[in-house]
Amino acid sequence: MKDLVLIGGGHSHAIVLKMFGIKPLPGVRLTLISDVLHAPYSGMLPGHVAGFYDYDQCHIDLRSLAEFAGCQIVVDRAIAIDLNKNLVICQTCPPVNFDVLSVDIGSTPATLSVPGAAEYAIAAKPVPEFLASWNQLISERPNHPQKPLRIAIVGGGAGGVELALNMQSRLGKEEGRRKREEGRGKKEEGRRKREENLENLSSEIHLFHSGAELMQGHNQRVRRRLQEILISRGIQLHLKEKVCAVKKIERETTLQFPTDYQISCKSGLELECDRIFWVTQASAADWIRESGLAADSNGFMQVNDCLQSVSHSNVFAAGDIAAMVNYPRPKAGVFAVRQGKPLFENLQQFLLEKPLKPFAPQEQYLGLIGTGNKRAIASRGSFMWESALLWYWKDWIDRQFMQKFSNLPKTRNTK
C-alpha cells in the first residue's frame, strides 16, 4: 500500500480527488490534510462578497468529495514537511506518513514587511478568515445605522479593484434594504427616517496602490476603464501611495463615531478607518522553503513541466504555491483549474512508476473582472470588452465548474 497525501483543498486538488473517485488506483491510500472542510472557489468569491451567491454556492464540500474519492481527511493545518522521514508535520494532529506528496495550499498577501499590517489588517487570504470578517461587518452594520463606515483596501491589482467594487455594491444593497424596511411604517416617520439616513449614513471606500496605475498586468484600456468606474462610484483612489504602517488608535476622548485604525503612507498621508483589507502581492508559506524544498525568490515551490518538485521527485505542487520553472505565470485561479488534470495524471503515473507527462500552460488567459453590478470586463492581451452578457457568461462557467463537485455518489468506503 502506497500513501498519497494531499496538503490543501485548492482547485487543483479538488479536481484530483474527483478524478481519483472516477478512476481509482488499487494499492494507493489517499489522505487529504486541510484545515477547512469547505474550500472556497475563487471565481465566485467576489460575487459572494457582493451578495450574488450564498456560502454553499461558492464552496466545495471537501468531506463529500473525499468520500467519493475514498480519501481520509485530517482536519488540521500542515506546518512543516520532514523530507528525510517522509512526514507531514501538522499543527495539532500526529505526523502523517507519505510516499508521494502533493501541495496545493494557495498563497497569502505579503503583509509582514509593513509594521502593524499582520496584526490589524484583514488579509484577503486565507479566504475563511477574510469572509468571517466581512460577514461580521455586514451583520453588525444594521446595529449602528447612523455610524459612518470607512473601509481601506490596500492593493490596486485585479483582486483589490474587484473587491472594492463588490464591497461597495453589497454595502449599497444593505443600506437600500434597510431603508425600504424602515419605510414600511408610518409615511411621515418613514420619510423622516430616510432623510436622517441620507444625511447621516455614509460608507467610504479608499483604495491604496503604490503604483501610478492600477492593475499593471492588464492592458491600458482595461486599466483606464476600471479607474473611470471606481471614480464614478465615489471610491477614493490613492495612487503612488506606499503604505508604511498600520496601527490601532488608542483614544482618551469619547467620540460619537470613533474609528479603530490608522493607515500611514510614506508620503505622509494618514487615514483613519474602521476596517483595513489587504490585497497585495502574493507570498508563500514560510514552511515550504524551511522544509528544504527548492523555492523561488518569493518562497514558492519550484516545479518542472510535470508539476514535480525540482529538488524532490516524490513531491508535486499546483496552484498558487507552485512556480513552474519553464512557464512563469501570474497567480490566478484559472491556472490552478487547468493544472488539476495534469497533476492527477502525473500522480498516477508516478505511483505506477511510469514516465510523467509534461504540461505547458497557456501563455495568456481571459480575465473576467466583475464590477459589482452584474456586469464584467473581459481582459486578454490588448483586448477589452465590457458587458452584462460577460457577467452572465462567467456566472454560467462558474456554476458549471461547481456542479462537478455536487451530488457525488458515495462509491467506496474511505480506507
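## Unusual backbone positions

At a relative accessibility of 2%, Met215 counts as buried, and this residue of the predicted model is placed in the loop between strand S13 (203–209) and helix H8 (220–232). Although Met215 is not a glycine, its phi is positive, at about 50°. Asn86, which is likewise not a glycine, has a positive phi of about 55° and lies in the loop between S6 and S7. With a relative accessible area of 22%, Asn86 is partly exposed, whereas Met215 is buried.

These backbone values stand out because most residues other than glycine have a negative phi, and most peptide bonds are trans. A cis peptide bond, with omega near 0°, leads from Lys125 to Pro126, and Pro126 is found in the loop between strand S11 (122–123) and helix H5 (127–140).

## The sheet around Asn86

The two strands that flank the loop of Asn86 belong to an open sheet of three strands, ordered S6-S7-S8 and paired in the antiparallel sense. Strand S6 (78–82) and strand S8 (96–97) stand at the edges with a single partner strand each, so one side of each is left without a neighbour in the sheet. Strand S7 (residues 87–90) is joined to S8 by two bridges in antiparallel pairing, and Leu87 stands opposite Asn97 in S8.

## Strand S16 and its partners

Strand S16 (residues 261–265) is mostly covered, as five of its five residues are buried. The cover extends to both faces of S16, with Tyr261, Ile263 and Cys265 buried on one side and Gln262 and Ser264 buried on the other.

S16 runs antiparallel to strand S15 (residues 243–248), to which five bridges join it, and it also pairs in the antiparallel sense with strand S17 (residues 270–273) over four bridges. Tyr261 takes part in both pairings, being the bridge partner of Lys248 and standing opposite Cys273 in S17. S16 and S17 form a hairpin with four residues between them, and in its turn Gly268 has a positive phi of about 105°.

## Salt bridges

The structure holds 15 salt bridges, among them one in which the side chains of Asp3 and Arg29 meet at 2.6 Å, N to O. Asp3 lies in strand S1 (residues 2–7) and Arg29 in strand S2 (residues 28–34), so the pair ties together parts that are 26 residues apart in sequence. Asp3 is buried, with a relative accessible area of 13%, while Arg29, at 30% relative accessibility, counts as partly exposed. Lys125, the residue that precedes the cis bond to Pro126, meets Asp320 in a salt bridge between their side chains (3.1 Å, N to O). This pair links distant parts of the chain, 195 residues apart, with Lys125 in the loop between S11 and H5 and Asp320 in the loop between strand S21 (315–317) and strand S22 (322–324). Here Lys125 is partly exposed, with a relative accessible area of 33%, whereas Asp320, with 11%, is buried.

Another salt bridge joins Asp398 to Lys394, the closest N and O atoms being 2.9 Å apart. The two residues are four residues apart in helix H11 and are therefore separated by about one helical turn, and both Asp398 and Lys394 are buried. Elsewhere, salt bridges that share partners join Arg225, Glu228, Arg375 and Glu386 into one network.

## Surface patches

Leu366, Phe383, Trp385, Leu389, Trp393, Trp396 and Ile397 make a nonpolar surface patch of about 720 Å². Strand S25 (383–387) and helix H11 (388–403) are the elements that give two or more residues to this patch, and the largest share, four residues, comes from H11. Leu366 has its place in the loop between helix H10 (333–351) and strand S23 (367–370), where, at 33% relative accessibility, it counts as partly exposed.

A positive surface patch is formed by Lys23, Lys341, Lys354 and Lys357. Lys357 lies in the loop between H10 and S23, which is also the place of Leu366. With a relative accessible area of 40%, Lys357 is partly exposed.

Terms used
Residues are numbered from 1 along each chain as its sequence is written. This is a predicted model: local features need pLDDT of at least 70, side-chain atom pairs count only at pLDDT 80 or more; totals for chains, interfaces and linings use all residues. Side-chain values use heavy atoms; hydrogens and water are left out. Two strands pair if DSSP finds at least two bridges between them. Patches are made of residues with over 30% relative accessible area and no salt bridge: like charges are joined within 9 Å, nonpolar side chains (Val, Leu, Ile, Met, Phe, Trp, Tyr) within 5 Å. Accessible areas come from the Shrake-Rupley method with a 1.4 Å probe; for residues, only the protein chains shown count as cover. A salt bridge is a side-chain nitrogen of Lys or Arg within 4 Å of a carboxyl oxygen of Asp or Glu. Buried means under 20% relative accessible area, exposed over 50%, partly exposed in between (1.4 Å probe, protein chains only). Lys and Arg count as positive and Asp and Glu as negative; His and the chain ends are not counted. The place of a charge is taken as NZ of Lys, CZ of Arg, CG of Asp or CD of Glu.
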